[in-house]
Amino acid sequence: MAKYQFSVSVQPQYLEDRSDPEEGRYLFAYTIRIVNTGEVAARLHSRHWIITDANQHVEEVRGEGVVGEQPHLSPGESFEYTSGCPLETPVGTMRGTYHCRADDGTPFDVAIPEFVLSVPRTLH
């Protein structure tokens, strides 16, 4: 087991009732679960997202914490949140990094694996 480690899982969802394909507006929600799988308690301080749509338009988003919080997780503890992402195309991807600091002062980054945002029945 790594001393400084969070695991990240993602569940994306297309929000059909909040999207308007004729206007090129597709809204997605994603639920993220973060688990401290390391040996030391740590706080998530900030995030960096790289969002790419089907036209290869890339947007980078940086900010403090997640959904207004900077969760502190002891080993084995988890934090779950849901947020959203608008796209101009029916398919896109998100990936990123959480910047964390362990209680012993050690900074570490957690990779957010790339995941697909897709209107149902768009990808085969």
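Arginine 25 comes out as partly exposed, at 44% relative accessibility. In this predicted model, arginine 25 pairs up with aspartate 20 in a salt bridge, and the closest N and O atoms sit 3.7 Å apart. Aspartate 20 is partly exposed as well, its relative accessible area being 25%.

That pairing is one of two salt bridges turned up by a search of the whole structure. Glutamate 60 and arginine 62 make a salt bridge too, with an N to O distance of 3.5 Å. Glutamate 60 is partly exposed, with a relative accessibility of 46%, while arginine 62 reaches 61% and counts as exposed.

Then there is aspartate 53, which belongs to strand S3. This residue is buried, yet no salt bridge goes with it. Looking for a partner of opposite charge, the nearest side chain is that of arginine 95, and it is 13 Å away. A salt bridge calls for a nitrogen of Lys or Arg within 4 Å of a carboxyl oxygen, so aspartate 53 goes without one. What the side chain of aspartate 53 does reach is the backbone nitrogen of histidine 57, at 3.0 Å.

As for the overall layout, the chain is built with eight strands and zero helices. Read from the N terminus, the order of elements is simply β-β-β-β-β-β-β-β. The C-alpha trace covers about 50 × 25 × 20 Å along its principal axes. The chain has 124 residues, and 40% of them count as buried.

Finally, the pockets. The largest pocket holds about 190 Å³ of space. Its lining takes in 14 residues, and those closest to the centre are Tyr30, Trp49, Val61, Ser83 and Gly84. Three strands, S3 (42-53), S4 (58-64) and S6 (78-87), each give at least two residues to the lining of this pocket. S6 provides the largest share, with five residues. Sorted by class, the lining of the largest pocket is made up of 10 nonpolar residues, along with two polar and two charged ones.

Strand S3 thus turns up twice in this account: aspartate 53 lies in S3, and S3 is also among the strands that supply at least two residues of the lining of the largest pocket.

Conventions. Residues numbered from 1 in each chain as written. Predicted model: local features only at pLDDT ≥ 70, side-chain atom pairs only at ≥ 80, totals over all residues. Heavy atoms only, no water. 1 Å grid on protein atoms, 1.4 Å probe; cavity = no way out; pocket = protein on both sides within 12 Å on 5 of 7 lines; lining within 4 Å. Points joined across faces, edges and corners; volume = space filled by probe spheres on them. Helix = DSSP H or I, 4+ residues; strand = E, 2+ residues; numbered from the N terminus. Nonpolar A, V, L, I, M, F, W, Y, C, P; charged D, E, K, R; others polar. Buried < 20%, exposed > 50% of the residue type's maximum accessible area, 1.4 Å probe, protein only. Lys, Arg positive; Asp, Glu negative; His and termini not counted. Polar contact = N/O pair within 3.5 Å; in protein donor to acceptor, adjacent residues only side chain to side chain.
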